[in-house]
Amino acid sequence: MTPSKRPERRLIASNKKARHEYEVLRTYEAGIVLVGTEVKSLREGRASLVDAFAHERDGEIVLYGLHIAEYTYGTWTNHAPRRNRKLLLHRAEIDRILDKVREGGVTMVPLSMYFENGYAKVELALAKGKRSYDKRQTLAERDANREIARELGRHLKGHPRRV
């Protein structure tokens with residue numbers, strides 16, 4: 001049997017609230033600089049992206065507020081749970097991202113964190129904040145699409161239409 005061409009992805013954490021709070025304009029995949037016990041804790045799935053955001057520091061992009069719980073079997077070498085972590089991107093990508101952020105109205109939000117071929121990666125989004133009426137409109141569209149899909153499924157199965 002031949003190995004598949006698609007790389008193996010294992011989700012660690014996702015930020016579901018980010019897609020509700022922000023309109024995602026573009027996404028980037030970034031590596032993340034970690035210390036030993038952080039990797040072990042991530043393999044156990046003990047991370048939270050809830051309060052995390054990315055910002056520029058000295059021409060690099062740094063992830064703030066990412067919580068990686070201390071490794072339970074760690075000793076004095078354990079890491080600080082909420083330390084700032086540098087993201088690994090190509091210089092051209094960093095420049096493009098920072099140009100968009102400097103224009104204004106755009107922020108960098110981590111959407112998910114996962115392992116890909118043994119490396120920890122972060123899906124970083126350039127996003128624009130939604131207003132409350134935008135959020136209501138998004139929810140209404142999602143409900144309408146769900147109802148359309150439900151009716152289409154009933155129609156294809158030959159069930160009578162509900163009133």
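A nonpolar core is a set of buried Ala, Val, Leu, Ile, Met, Phe, Trp, Tyr and Cys residues joined through side-chain atoms within 4.5 Å. Buried means under 20% relative accessible area, exposed means over 50%, and partly exposed is in between (1.4 Å probe, protein chains only).

Before you start: this is a predicted model, where local features need pLDDT of at least 70 and side-chain atom pairs count only at pLDDT 80 or more, while totals for chains, interfaces and linings use all residues. Residues are numbered from 1 along each chain as its sequence is written, and side-chain values use heavy atoms, with hydrogens and water left out.

**Exercise 1. Find the largest nonpolar core and say which elements feed it.**

Step 1: The largest nonpolar core has 28 residues. Those with the most contacts inside it are Ile 32, Leu 42, Ile 61, Leu 66, Leu 87 and Met 113.

Step 2: Now look at the suppliers. At least two residues each come from strands E1 (9-14), E2, E5 (60-64), E8 (107-116) and E9 (119-129), and from helix H3 (91-103). Helices (H or I, at least four residues) and strands (E, at least two) are DSSP runs, numbered from the N terminus. E9 gives the largest share, 4 residues.

Step 3: There's also a second, separate core of 5 residues, with Val 109, Leu 111, Ala 125 and Ala 127 among them.

Step 4: Zoom in on Leu 87. Not counting residues up to four places away in sequence, Leu 87 touches Ala 30, Gly 31, Ile 32, Ala 54, Ile 61, Leu 63, Val 122 and Leu 124 (contact means heavy atoms within 4.5 Å). As background, nonpolar side chains tend to be buried together in soluble globular proteins.

**Exercise 2. Work out how E5 is placed and paired.**

Step 1: Count the buried residues. In E5, 4 of the 5 residues are buried, so the rest of the structure largely encloses this strand.

Step 2: Check one side. E4 (53-57) and E5 run antiparallel, joined by 5 bridges; two strands pair if DSSP finds at least two bridges between them. Glu 56 stands opposite Ile 61 in E5.

Step 3: Check another partner. E5 and strand E7 (residues 85-88) also run antiparallel, with 2 bridges. Here Leu 63 has Arg 85 in E7 as its bridge partner.

Step 4: Look at the turn. E4 and E5 form a hairpin with 2 residues between them, and Asp 58 in that turn has a positive phi of about 55 degrees.

**Exercise 3. Decide whether Asp 58 and Asn 117 are buried or exposed, and check the sign of phi for each.**

Step 1: Asp 58 counts as exposed, because its relative accessibility is 73%. Asn 117 is exposed too, at 53%, and sits in the loop between E8 and E9.

Step 2: Most residues other than glycine have a negative phi. Asp 58 isn't a glycine, yet its phi is positive. Asn 117 is also a non-glycine residue with a positive phi, near 55 degrees.

**Exercise 4. Describe the surroundings of Leu 34 and Glu 38.**

Step 1: Place them. Leu 34 is in the loop between strand E2 (22-32) and helix H2 (36-43), while Glu 38 is in helix H2.

Step 2: List the contacts, leaving aside neighbours within four places in sequence. Leu 34 meets Val 39, Leu 42, Ile 68, Arg 83, Arg 85 and Ala 120. Glu 38 meets Val 33, Ile 68, His 79, Ala 80, Arg 83 and Arg 85.

Step 3: Add the rest. Glu 38 has 0% relative accessibility, so it counts as buried. Leu 34 and Ala 120 are 86 residues apart in sequence, but 8.6 Å apart in space, C-alpha to C-alpha.

**Exercise 5. Test the length of helix H4 against what's expected.**

Step 1: H4 covers residues 132-157, which makes 26 residues. The expected span is 1.5 Å times one less than the number of residues.

Step 2: That should give 38 Å, and the end C-alpha atoms are 38 Å apart, so the two agree.

Step 3: See what comes next. Gly 158 follows H4 and has a positive phi, near 85 degrees.

**Exercise 6. Sum up the whole chain.**

Step 1: The chain has 4 helices and 9 strands, in the order β-α-β-α-β-β-β-β-β-α-β-β-α from the N terminus.

Step 2: Of its 163 residues, 33% count as buried.
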